[in-house]
Amino acid sequence: MSGHTPPPRISADEIRVTAEMARLLLSESDIPKLSDELSAILAYASSLAEVDVTDVPPMTHAVPDHCRLRGDVIEPHISRDAALRNAPQRESAYFAVPAVFAGSDEGFDSEG
Amino acid sequence: MAASDEFEPVIGLEVHVQLATRSKAFCGAQAEYGGPPNAHIDPYTLGLPGALPVLNHRTVEYAIRMGLACHCDIALKSELSRKHYFYPDLPKGYQISQFDQPICQNGFVEFMLGSERRRVGLARIHIEEDAGKNLHIPGGRTSLIDYNRAGVPLIEVVSLPEISSAEEAGEYLRALRQLVRFLGISDGNMDEGSLRCDANVSIRPRGSRTLGQRTELKNINSFKYVQKAIEHEILRQIDIVQSGGRVIMETRGWDAARGTSRSQRKKEEAHDYRYLPDPDLPPLLIDPLWLRSIAETLPKTPMQRRDQYLERLGLSPYDASVLTAERELCEFFDRVLIAAGLPPEPTELTDAQRTRAKQSANWLSSELLGLLNKDNRTITESPVSAESLGELVRYISDAVISGKQGKEVFAKMYESRETPTDIIERLGLRQISDPEIITAACRKVVDDPAMQKQVEKYKQNPKLLGFFVGKALAETQGKARPELLSEIMLRLLSEK
């Protein structure tokens, strides 16, 4: 693609949203610096947009391979104690985490 | 429920089906439901650094089975993607799913809504992995996590917004459950979470072509509540619109205990899942030969069975739906038909054979299922084998025993597990159908010198036929086929 224009700057609000989604705690003073840095990174990467890719199929992996499948067999597990040994907190056989959805006892299991 | 005269609901369902594989989708940990907490875990399940996913071939095979049974286009190349979100039940911080290139697209599911055949289109079916389970202790400061379920393979079946009532949504879901059970890819057990349903619900003025603002209902985890939750949501939306408000896009959780739903997440907080092709998993390519072998060994669907029962066997719609409730029942019925002497598919049946097929269906659905239900047994626990039941039908149909004797024999079969042949022999029930034996018995009566006076009387009074039939029947200990015997007797008397 020719005649490409550099991407717009990453705004302070976009930084805040991105940090929120990545669960990063930023102080307000971090934001201008990050905004500058990320904008520069994006501008650098956007030079790729100058390449004409009209007839090139999208590529998602660098290695030309396909997904290998395994047989449906049960393989060795790790013991519960070994698994729980590194847990910051455990309760009997469970991993324990700070209460999710405080004040709610609903089975809001997962996003998927 | 008629939602209202003014509005019509538009419903789409997203159904997660847990696949009945032995091991998990991307690792060799056990996939079986339950077990002590955190027993079915390995480094991949826990998202430990360095653990890499390797896709279970049976996960793919089961997804393809479902796709074929739902008339989908199967993608020979699809992509596995990461869906990111933070939640304690997801140790890796992302779920492996499929995004823009799912393994199955388009297609439809067919089912009966009352006496009407309905078809609901599908957008897609894709493969993904399940998350772990959170246990929330009411009022507690911690939540407990069990990762046994994390990584268990799922398919998500996404319908188009083509369902137009809560009742239809319920039937669609029942049809999916029946289908996955017939295909042998899942037990479809909603209580154990093998089948989970989210519903997208919107309303629009009746007859309108545009879609209204939808809400997503989560957490409808029992058949009992699917209809209730959707009905409730339809009425809630109608209420909002009629009182001048606007439905907002949100996720609502169904609260079965209170019989109501609650907002869980508004649009502003909507997640951006940052989907990206999983760098650990190259594109999933399906060998066309493999696809063909899956198609060739695909079990029949309930609707295919139904059509076969209606068209080939001439069964009633009611019998067809009773017999297609479970795959085991269909397979039992198939064996009954063979044992009853009917040719296997695809041979067309004669009228007499169709009658025999209907008799077989009756013996199975009213007699055997009746007793099994009463005793709380399933067809696989039946004391009467399919072969025995077919044999019994054949004996009755060939007039070896009468229908009435059949019931007696059947009761004994159910009690003692004996074959009908053994019971008929033991009780000496076998009817005599041999014309020679019957003719001999008849001759003995009409040639008896002591009978000649009656024979003369018969010539004046044909009503006496019954008298001679009775005498001859007694000569055979009551075992001669009555119709045949009276036919022969009539001929002998007319020759006198």
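**Reading the A–B interface and backbone of a predicted model**

Mentor: B:R274 lies in the loop that connects β16 and β17 of chain B. Please bear in mind that the model is predicted.

Trainee: What makes the phi of B:R274 noteworthy?

Mentor: Its phi is positive, about 45°, although the residue is not a glycine. Most residues other than glycine have a negative phi, so a positive value departs from the usual case.

Trainee: How do you know that the peptide bond between B:E345 and B:P346 is cis?

Mentor: Omega is about 0° at the bond joining B:E345 and B:P346, and the bond is cis. Most peptide bonds are trans. B:P346 itself sits in the loop between α7 (327-339) and α8 (351-374) of chain B.

Trainee: Why are β6 and β17 of chain B said to stand at the edges?

Mentor: The open sheet has three strands in the order β6-β5-β17 of chain B, with antiparallel pairing. β6 (94-97) and β17 (276-277) each have a single partner strand, so one side of each is left without a neighbour in the sheet.

Trainee: What makes β5 and β6 of chain B a pair?

Mentor: Pairing requires at least two bridges. Strand β5 (residues 81-84) of chain B is joined to β6(B) by four bridges, and the two run antiparallel; the criterion is therefore met. Within this pair, B:H84 has B:Y94 in β6(B) as its bridge partner.

Trainee: How do you know that a sheet contains strands of both chains?

Mentor: The order of the four strands in this open, antiparallel sheet is β2(A)-β3(A)-β11(B)-β10(B). β2 (90-91) of chain A and β10 (133-136) of chain B are at its edges; each has a single partner strand, so one side of each lacks a neighbour in the sheet. Strand β3 (residues 94-98) of chain A pairs with strand β11 (residues 142-146) of chain B in the antiparallel sense over four bridges, against a minimum of two. The partner of A:F95 in β11(B) is B:I145.

Trainee: Why is the meeting of B:R58 and A:D72 called a salt bridge?

Mentor: The side chains meet at 3.0 Å, N to O, and the limit is 4 Å for an Arg nitrogen and an Asp carboxyl oxygen. The pair therefore qualifies. One salt bridge is found across the interface of chain B and chain A, while 23 residue pairs are in polar contact, both residues being at pLDDT 80 or more.

Trainee: Which element gives the most residues to the side of chain B that touches chain A?

Mentor: That element is β11(B), with five residues. By class, this side of chain B has 34 nonpolar, 19 polar and 19 charged residues.

Trainee: What area do the two chains bury between them?

Mentor: The value is about 4800 Å², 57% of it on carbon and sulfur atoms. On the chain B side, B:F86, B:Y87 and B:H136 lose the most area to chain A, together 11% of what that side buries. In terms of contact, 72 residues of chain B touch 40 residues of chain A.

Trainee: Into what domains is chain B divided?

Mentor: The assignment gives domain 1 (7-290), domain 2 (300-427) and domain 3 (435-495). The C-alpha centres of domain 2 and domain 3 of chain B are 37 Å apart.

How values were computed
Residues numbered from 1 in each chain as written. Chains lettered and ligands numbered in written order. Predicted model: local features only at pLDDT ≥ 70, side-chain atom pairs only at ≥ 80, totals over all residues. Heavy atoms only, no water. Contact = heavy atoms within 4.5 Å. Buried area = accessible area lost by both parts, 1.4 Å probe. Polar contact = N/O pair within 3.5 Å; in protein donor to acceptor, adjacent residues only side chain to side chain. Nonpolar A, V, L, I, M, F, W, Y, C, P; charged D, E, K, R; others polar. Domains from an automatic or database assignment.
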